[in-house]
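User: I am new to this structure and would like a close look at a single part of it. Please take me through that part and then through what surrounds it.

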2 protein chains.
Amino acid sequence: MKLKLVAVLLASAIAMPAHADVLVDNVSGITIDADGKVKRFEALVIDDDGKVAQLIERGQERPRTDYLEDAGGKVMLPGFIDAHGHVSSVGFNAMTLDLSGTNSLEEALEAIRVFAAENEARPWILGRGWNQEKWGLGRFPTAAELDSVVSDRPVWLNRVDGHAGWGNSLALRAAGIDAKTVSPAGGRIEKLADGKTPSGVFVDMAMGLVEKVVPAPRPVERDLALAEAQKVLHAQGITAMADMGTTIEDWQSFRRAGDNGTLTLRIMSYAAGPDQMVLLGGSGPSPWLYDDKLRMNGVKLYLDGALGSRGAWLKEPYADDPHNTGLPLTPPAALRNILVRAAQGGFQPAIHAIGTAANAEALNAIGEIAESFDGDRRWRIEHVQIVDPADLPKLAEHGIISSMQPVHQTSDMFMAEARLGPDRLGGAYAWNTILEMGGRLAFGSDAPVESADPFAGLAASITRSNAAGEPFGGWRPQERVNREQALAGFTSEAAFAGFAEGRFGRLIPGERADFVLVDVDPLMATPDEIRATRVHETWVGGQKVYDAD
Amino acid sequence: MKLKLVAVLLASAIAMPAHADVLVDNVSGITIDADGKVKRFEALVIDDDGKVAQLIERGQERPRTDYLEDAGGKVMLPGFIDAHGHVSSVGFNAMTLDLSGTNSLEEALEAIRVFAAENEARPWILGRGWNQEKWGLGRFPTAAELDSVVSDRPVWLNRVDGHAGWGNSLALRAAGIDAKTVSPAGGRIEKLADGKTPSGVFVDMAMGLVEKVVPAPRPVERDLALAEAQKVLHAQGITAMADMGTTIEDWQSFRRAGDNGTLTLRIMSYAAGPDQMVLLGGSGPSPWLYDDKLRMNGVKLYLDGALGSRGAWLKEPYADDPHNTGLPLTPPAALRNILVRAAQGGFQPAIHAIGTAANAEALNAIGEIAESFDGDRRWRIEHVQIVDPADLPKLAEHGIISSMQPVHQTSDMFMAEARLGPDRLGGAYAWNTILEMGGRLAFGSDAPVESADPFAGLAASITRSNAAGEPFGGWRPQERVNREQALAGFTSEAAFAGFAEGRFGRLIPGERADFVLVDVDPLMATPDEIRATRVHETWVGGQKVYDAD
């Protein structure tokens, strides 16, 4: 894509401003419009603040601008907004061993051996992405298996869902774990067949036993991770993310990037619990900072764990573990106390709820509290994966936003059937029902738990099938959304879920000129074509932040 | 002072800019100039960035500007910079009981009784400023004495120097203090005559035993305290302060004010120890933020306590306590380790050293480390109160800055004689010797330990006498500085000590237009007149932030 200079005399006569009016012409432009409907256009004008000045439709006259970009007929979409991700973790993930592509324990062990050999200077070998289900192992892996490939340094590897960790013997020794160590509340130390010896795998709150001895990243590593996250996300067409569980260290890193002018990703921050909420925000959310690049919106709370590790909190026991109903993580009184404190400060709560009991608890707590607080609160429930059908109508009350991750459905569907049995899935990933009942959906990825790729999310949301096309016709296909709803979920609705409407998320005059140029029209293409979309360029606030060439 | 509108047509034809060119005319202007010498002027032009555009000398033509302010012949000085203060504490101080004006234990107890009655809603009664020396008590006060006026709530009162605290019985009970409680390292629990029962007074690190149970201020209280501090300081003519011991909670409050546009005080921040240094700054100092209103410069370290509580670390025992050499607070290896870590990150260390041993240790450590680090480091020693004369020449090495508080000298002089005896004062508050040997002085107040009033500081620094004129002719008068040196210490040199030269501290073109309009010329007036100076207006960045009318 070539930059053509218009009005050369003017430009050479005065100092070049940081921004100038730019006409991006010759696009096949698509956006959700102010009325919530899809709008198509042929060109877009960016003003000198990096905002959309004008959309130009077919046959409409082009205005004179300082610069002209010819997009060569590419598809222009609003920059994608990931309504649920973990910014720093995306970056650290890119810097650590990734086991998500491994298909067997043997393959994983070999990858670990190679990574350790290639990173001799690192005192700990850290990684993530393992999944004993995908390996077909039928059990968790063990510390001894890890020892067989790395015995000179501690190794600590997160499960793909972030709800379990796997350490070698040196990691367990560093953490002082032995047969006498007791599982903490909300967590479980897995044991070997003898029922006593720790196996090396730690579920949910038990992960902290080892994590507390892993050396904390230094600020320079955090700043690298943020830069890496921005690179990874922009390359996938993402221009904004809701950061779920921001710590003060994350926040300081975001601010350093903002202060230094290197923040290109828009971050809507949800603090990691009530103490961090107060530390990050003070007595209320921050203002929008750095030209709408950063805002501390609210607080992330956890009501349960995840399905894969059987930490999701269910009303009835797991079908494949009849004495287990999961791990409730926040007692009822504490939840209500935190929600009231948050609401009093104007902080937006974002409540992680995966299982039926957790979702019921979130809905009940919001129902009890919402009446006491005026105004536009946008109570968020994160994941909303398995809801008791009897509770679904409550998702349309009190302005609740269901923040969901389409790819979780296609990754988890078979596991969900195993965990719950076929008869308890009536409210599983119930996107269409939520919309039909009048609820609001915001879409995200939970990156780095899943890839942040929004095109995989779009394809999953309109098909309920995975990349292999399975199951044919889609899993519980009545819960598909249409293409316009899918696009809105990843753009305008994800912005609304973070109080960002009017600032970004749509290509309409006055909002920030955040867009991508791609080779596929997601409203017309096949699901396979959507999955194969190539992102050519990503722009944030009228500035190019990614160019595939 | 009246604002006159010039170029009315222009102003009414276009929207008013946030700033516009302003001519402040008819002043008796004084500044330290670029060459370090005093310069006088009659008018000053502020540009639309709030910086000094031009100084106009006698008889020089005035340029045309958008606005004209006639200062009515008042004295214009650069805004005062306090090189050592505690911003949040100045604010909290203004919000809590102040006992610094009390002249006897009885008077103090009555003030406490009245304050508690007037503040029934407060769960703790907090205050500061008591001084048993001033009361002529000859001993510390006791918990039982406090109980006699407040027995329904805990009471906790800081000594005037911040190095001791006095609690009532409920405060001791809340902290779980009894006869079996052991004094922590670096601290001392005072005892009653039986040698066992805690008296109610806690020195230095022992203060933490009670402070840890005092409810922490909420963000809204922190933000109020900052607003209060700005009000108090601007009313005294102060436009910038080095904040000594910034915590993350302080920092977040400063940033909230910056983000919301309510930060009017320029703050040079020194983090409260190495952990906060990394949390606040990351891998190095912050940029200058909010138009030079805030920068995280470095780290504050403590080598000892204070003279009043006999916490200052001396080479020889106290003259009035022959078994005590004070409380060294940072072991030698830890000090060197922290200094190296700070220097590696480009953080500026500011080392609190009051006694002869502490100053020797600071100088030795800097001497050992400075050679390994290139560049302009500006190692700061804070207070530099009692230096062994043999060590004085080292204060002129390695670009060390002696950050000193003139009023401490006049407050402490008789106490210092008692603590050290008359023969060990050769290097006490040795301002002139430090300058003559080639060292650099920055002046401050240690507010709220002392009043921030810079005119009291100017008067003390040129007289070595207190407000009562005692001792006649000055205490060790050979250590007076001249008026120009005094003004520089509170303006240009205090800016240099915080890497702010070229940004603020002088009224020269390109620096921020921070100034005060007062009724006294401190280069001409008597010390009494200087002490009685009235601040009419205070301006920061070309904006009026205080007006006495």
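Analyst:
**A buried threonine and its surroundings**

Thr246(A) counts as buried, because 28 C-beta neighbours lie inside 10 Å of it, and the cut-off for calling a residue buried is 20 or more. The model in which this residue is seen is a predicted one, and every value that follows should be read with that in mind.

Thr246(A) belongs to strand S14 of chain A, which covers residues 238-246. Leaving aside residues up to four places away in sequence, Thr246(A) touches Trp251(A), Ser269(A), Tyr270(A), Ala271(A), Ala272(A), Gln276(A) and Leu280(A). Of these contacts, Leu280(A) can be described further: 34 residues separate it from Thr246(A) in sequence, while the two C-alpha atoms are 8.7 Å apart in space.

The next topic is the contact between the chains. In chain A, 16 residues are in contact with 16 residues of chain B. The elements of chain A that each give two or more residues to this side are helix H7 (219-235), helix H8 (248-260) and helix H9 (274-281). H8(A) supplies the largest share, namely six residues. By character, the residues on the side of chain A that touches chain B divide into seven nonpolar, six polar and three charged.

As for how the two chains are arranged, chain A can be laid on chain B by a turn of 180 degrees and a shift of 0.1 Å along the axis, with an RMSD of 0.1 Å. This is the relation of a two-fold axis. Both copies use the same surface, since 100% of the contact residues of chain A recur in chain B. Within chain A, the residue that comes closest to the rotation axis is Ile248(A), whose C-alpha lies at 4.5 Å.

Elsewhere in chain A, strand S12 (residues 187-191) is largely enclosed by the rest of the structure, because four of its five residues are buried. S12(A) pairs with strand S13 (residues 198-204) of chain A in the antiparallel sense, over four bridges, and within this pairing Arg188(A) stands opposite Val203(A) of S13(A). The two strands form a hairpin with six residues between them, and in its turn Gly195(A) has a positive phi of about 75 degrees.

For the wider setting, an unreviewed UniProt entry lists residues 70-546 of chain A as "domain: Amidohydrolase". In the model, residues 70-546 of chain A are 32% helix and 20% strand, and the C-alpha atoms at the two ends of the span lie 17 Å apart.

Key. Residues numbered from 1 in each chain as written. Chains lettered and ligands numbered in written order. Predicted model: local features only at pLDDT ≥ 70, side-chain atom pairs only at ≥ 80, totals over all residues. UniProt positions renumbered as here; feature names shortened; annotations may be inferred. Buried ≥ 20, exposed ≤ 12 C-beta atoms within 10 Å, placed from the backbone. Contact = placed C-beta atoms within 7 Å. Least-squares fit on C-alpha atoms with pLDDT ≥ 70 in both. Pairing = 2+ DSSP bridges. Nonpolar A, V, L, I, M, F, W, Y, C, P; charged D, E, K, R; others polar.
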